[in-house]
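The exercises below are meant to be worked through with the sequence and the structure side by side. Try each task before reading its solution, and follow the steps in order.

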Amino acid sequence: MGTGDFNGDGHLDLLWRDAHLSGGNVVWYMNNTTYLGWTYIQSQTDLNWRIVGTGDFNGDGHRDILWRHQVTGQNAIWYMNGTSYVSSATINPCADTTWEIVGTGSFNADGLLDILWRNRVSGANVVWFMNNAAQIGSTYLDGQSDLNWKIAGTGEFNEGGPPPSDSDGDGLPDAWELPYFGNLSQTAAGDYDGDGLTNLQEYQGGTNPTLHDFPGTVPLPSGAVSWWSAQDNALDSLGNNPGTLAGNVGYLPGRVGQGFGLDGSGDGVGLSTGVSLRLQDFTVEGWIRRSSGSIVTYTGGTAGLVCYGWAGYGFGIWQDGRLFLTKVGIDSVSSTMGFTDTAWHHVAVTKTGTTVIFYMDGGGQRGAGLHLNVHVQLRHCHRGAGRQPRCELFWPHGRVRRVQSRAVGA
């Protein structure tokens, strides 16, 4: 189940787990390929816990053990001193069990152990950048949609080659700084775009240091009503309209930080009928990422992002990637632009009177007027999926950024 030098003799040892009967864990001490002896380490009798990696997460010089629960999606680290269990720590859960931990290593060369994930259904690959048990960022690697390919291990395959050039010694590779800034005058601690993430964090997280990346660090516009940021909970960061998880909702790597992970079948975040959501003119925006180019939901032809039922407003996406705004059961209007790829996209809709404008990645498109024959309210906003008249979120990790009581740019 893993390898590591558990007794400090300079040789890799073998870590075994009985995941079928006893839950016992054993280390075989090795001298290269020669077996020297063995010892038990602390057992874990819940057989749904699997050892998925080893490494020194807390920097004490001892090999620790990384665990993942195959049912709940919980993740944990056992801190070890040789073969003696010292303590444990939980790390961010990932309830979508189609995501599997397949390796560990320092992927951003900061000397801290990171976690490599692969989705066994979509073929997507993600790295969680870690600082001990704390996730400090994430980035997507190139996907491999042929599911016959499996990641078998990680390592420094080009060891001995020159490290990335960093002529000013600020921890930011020249090849990263120059394309973004045009010079080497920025520092690792600087925040060029003023979004609350340092240039070093932008580099480690694979984000653009010249663009705002995280909504929570950007001053909210006047009239902002709610923002569900999915940082280990369904709370409204503005405190107005907390949500309740439904179905198999989990938390997965988002555009920056975390996002809600949903499987398109019965998952969602239900909201109350808060007075602040009873709007006639509004903006809804968020970052979303599809898990499939052809399917956005397994129950119906559209997936709702934020919506109510009959005679309530609903903002969502068609299977072909076009956006729509509907007064459910009465009228609707759709964009002609859309997307079917599995990259991150920023989407938004603004409604002012009978004028509806859709936005995707900063580009706007005016829709035909939405006929308001009946006075309605955005009464019971659902960020999620479930029985009709509720609507669905479909992407494996994304988030609705916020609801505003004014139009974008107003």
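## Exercise 1: a charged residue without a partner

D64 is buried and yet takes part in no salt bridge, since the nearest side chain of opposite charge, R63, is 8.0 Å away. Keep in mind throughout that this is a predicted model.

Task: Find the element in which D64 is placed, and work out which residues it touches beyond its close sequence neighbours.

Solution. Begin with the position: D64 belongs to strand β6, which covers residues 64-69. Next, compare the distance with the cut-off, because a salt bridge needs a side-chain nitrogen of Lys or Arg within 4 Å of a carboxyl oxygen of Asp or Glu; for D64, the nearest opposite charge, on R63, is 8.0 Å away. Finally, list the contacts, leaving out residues up to four places away in sequence: D64 touches G53, T54, G55, D56, F57, N58, I77, W78, Y79 and M80.

## Exercise 2: the salt bridges

Task: How many salt bridges does a search of the whole structure find, and which parts of the chain does the pair of R120 and E100 tie together?

Solution. The search of the whole structure gives 3 salt bridges. One of them joins R120 to E100, with the closest N and O atoms 3.2 Å apart. R120 sits in the loop between β10 (114-119) and β11 (125-131), while E100 sits in strand β9 (residues 99-105), so this pair ties together parts that are 20 residues apart in sequence. As for accessibility, R120 is partly exposed at 39%, and E100 is also partly exposed, at 33%.

Continue with D281 and K351, whose salt bridge has its closest N and O atoms 3.7 Å apart. Here D281 lies in the loop between β17 (268-270) and β18 (282-289) and K351 in strand β23 (residues 344-352), so the parts tied together are 70 residues apart in sequence. D281 is partly exposed, with a relative accessible area of 34%, whereas K351 is buried at 1%.

The last step concerns D320 and R322, whose side chains meet in a salt bridge at 2.9 Å, N to O. D320 has a relative accessible area of 42% and is partly exposed, and R322, at 25%, counts as partly exposed as well.

## Exercise 3: strand β4, from surface to interior

Task: Which strand gives the most residues to the nonpolar patch, and is I41 buried or exposed?

Solution. First identify the patch, which lies on the surface and is formed by W16, W28, Y35, W38 and Y40, with about 590 Å² of accessible area together. Strand β4 (residues 34-41) gives the most to this patch, namely 3 residues. Y40 lies in that strand and is exposed, with a relative accessible area of 56%.

Then turn to I41, which is also placed in strand β4. With a relative accessibility of 7%, I41 counts as buried, because the cut-off for buried is under 20%. Leaving out residues up to four places away in sequence, I41 touches L15, N25, V26, V27, I65, M80 and T83. As a check on distance along the chain, I41 and R17 are 24 residues apart, and their C-alpha atoms are separated by 9.9 Å.

## Exercise 4: aromatic rings

Task: How many aromatic pairs are counted, and what kind of pair do W176 and Y180 form?

Solution. The count comes to 11 aromatic pairs. The rings of W176 and Y180 have centres 5.3 Å apart and planes at 65 degrees, so they make an edge-to-face pair. Both residues belong to helix α1 (residues 174-181), where, being 4 residues apart, they are separated by about one helical turn. W176 counts as buried at 13% relative accessibility, while Y180, at 33%, counts as partly exposed.

W176 also pairs edge-to-face with F181, at 6.0 Å centre to centre and with 80 degrees between the planes. F181 is buried, its relative accessibility being 12%. To finish, place these rings in their wider group: W176, Y180, F181 and Y192 form one aromatic cluster.

Methods:
Residues are numbered from 1 along each chain as its sequence is written. Side-chain values use heavy atoms; hydrogens and water are left out. Helices (H or I, at least four residues) and strands (E, at least two) are DSSP runs, numbered from the N terminus. Buried means under 20% relative accessible area, exposed over 50%, partly exposed in between (1.4 Å probe, protein chains only). Patches are made of residues with over 30% relative accessible area and no salt bridge: like charges are joined within 9 Å, nonpolar side chains (Val, Leu, Ile, Met, Phe, Trp, Tyr) within 5 Å. Accessible areas come from the Shrake-Rupley method with a 1.4 Å probe; for residues, only the protein chains shown count as cover. Rings of Phe, Tyr and Trp (its six-membered ring) pair if their centres lie within 6.5 Å; planes under 30 degrees apart count as stacked, over 60 as edge-to-face and the rest as tilted. Lys and Arg count as positive and Asp and Glu as negative; His and the chain ends are not counted. Contact means heavy atoms within 4.5 Å.
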